[in-house]
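Dear colleague,

Please find below the structure that I am handing over to you. My findings follow after it, and I would ask you to read them with the structure open beside the text.

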Amino acid sequence: MGFAAAGPASASSTSQHRALSDVVNGTGAALHPEGVGWDPSRKAFLVGSLRHGTVSVVGADGRASTLVNEPRIVSTVGVHVDVARNRVLAAYADYGVGTRSSPSTIQTQAGLGIFDLKTGRTLHLVDLAIGPGPHIANDFALDLAGNAYVTDTASDKIYKVDVNGRASVLVQDPRLAGPTEDGMNGIVWHPGGYLLAVGYETGSLLRIPLKDPQAIHEVRLDQALVGGDGLALRPDGTLLVVSNEFGRSTAGSVKVLRSRDGWTSAKTAKTVAQWPDPLPTTVAVSPAGAYVLSGRLDVLITGSTSDQFTLRRI
């Protein structure tokens, strides 16, 4: 989920090269970002927009400037940078809160947008509304070869999009679906050759080996990750899990998990039980640390908008 203010993105902006503070107070006209990634080329964050379907550059001063504005997209959700191939990628969907939303696209538009990192030019729009709906492309992980693995919270599938923009179903399994509507959400690629994905409703963490995706293993946890939304793998091997309570409260939490057996099991190493900002959704790892995003979705789901969002270091 994500959004952006007008104005050119500049890699040479002085503000983007200043050291990041513990809290980046973001501003962008009714942006409401749900996803965030770190762009090493700009030394800046890139955020999506549930409201406008854009991708924006956010420097150290917090001001958002539009990089991608593809008119066919309703809402951008997960955002990641593939700097080796000069690409920025964004999962897109329609939750019914975007300015471009329509009855024909709500929970039917689902895909992965692939854009030029420098210019924002559209390279591919990959349709992931594969099979009977509804569909909500939510988050994705990138491997070293540039393949993307996309979750669909409204289905029991994870999709693969190769570096040329060709889509396929990586795996379909009942364990990927939610008991009512919200299935797999956040996802990361692990250099050990597998994916880790979290179920929003179930709180389960699944390990999915890429050589045999059907051999899904539920990671043994000391605490369920109910409300698990965004994931990020840190260089030290720990997994950050951002959780929230959409529709019930504005509360959110962040957990740090550690595994000593290749993610057959994991234990909670740290918990921030009450995150300071409302409804945090995900986290991006930068050289200055990991930053958790709150896009003020608590305001958006009430029918109002806000120009504020927050990136806070954990």
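I begin at one end of a strand, where S286 stands opposite G289 in β24. Please keep in mind throughout that this is a predicted model.

S286 belongs to strand β23, which spans residues 282–286. This strand and β24 run antiparallel to each other and are paired over five bridges. Together, β23 and β24 make a hairpin, with two residues between them. Elsewhere in this pairing, V283 is found opposite V292 in β24.

Strand β24 covers residues 289–294. It also has a partner in strand β25, residues 308–313, again in the antiparallel sense, here over four bridges. In that pairing, L293 of β24 faces L311 in β25.

Are these strands enclosed or open? In β24, five of the six residues are buried, so the strand is largely enclosed by the rest of the structure. The same reasoning applies to β23: four of its five residues are buried, and therefore β23 too is largely enclosed by the rest of the structure.

Two single residues may help you to practise reading the model.

The first is T27, which lies in strand β1, residues 23–27. Its relative accessibility is 31%, which is why T27 counts as partly exposed; the partly exposed class lies between the limits of 20% and 50%. Which residues does T27 contact, once its neighbours within four places in sequence are left aside? They are G62, R63, A64, D307, Q308 and F309. Of these contacts, Q308 and F309 fall within the range of β25, residues 308–313. In addition, the C-alpha atoms of T27 and V58 are 8.7 Å apart, although 31 residues separate the two along the chain.

The second is I73, which is placed in the loop between β5 (64–69) and β6 (75–82). Is I73 buried or exposed? Its relative accessibility is 1%, and because buried means under 20%, I73 counts as buried. When residues up to four places away in sequence are not counted, I73 touches H52, G53, Y92, R100, Q109, F115 and L125. Its C-alpha atom is separated by 9.4 Å from that of G98, which is 25 residues away along the chain.

Finally, I turn to the protein chain as a whole. It contains two helices and 25 strands. Of its 314 residues, 56% are buried. Among the contacts with a separation of 6 or more, 54% are between residues 24 or more positions apart.

As for overall dimensions, the C-alpha atoms fill a box of roughly 45 × 40 × 40 Å along the principal axes. The radius of gyration of the chain is 17 Å; a compact globule with 314 residues would have one near 20 Å, so the value agrees with such a globule.

The protein chain exposes about 12100 Å², and carbon and sulfur atoms supply 50% of this area. The chain carries 28 positive and 28 negative charges, and the mean positions of the two sets lie 7 Å apart.

Yours sincerely,
A colleague

Note on methods
Residues are numbered from 1 along each chain as its sequence is written. This is a predicted model: local features need pLDDT of at least 70, side-chain atom pairs count only at pLDDT 80 or more; totals for chains, interfaces and linings use all residues. Side-chain values use heavy atoms; hydrogens and water are left out. Buried means under 20% relative accessible area, exposed over 50%, partly exposed in between (1.4 Å probe, protein chains only). Contact means heavy atoms within 4.5 Å. The radius of gyration is taken over C-alpha atoms; the globule rule is 2.2 Å times the number of residues to the power 0.38. Accessible areas come from the Shrake-Rupley method with a 1.4 Å probe; for residues, only the protein chains shown count as cover. Lys and Arg count as positive and Asp and Glu as negative; His and the chain ends are not counted. The place of a charge is taken as NZ of Lys, CZ of Arg, CG of Asp or CD of Glu. Two strands pair if DSSP finds at least two bridges between them.
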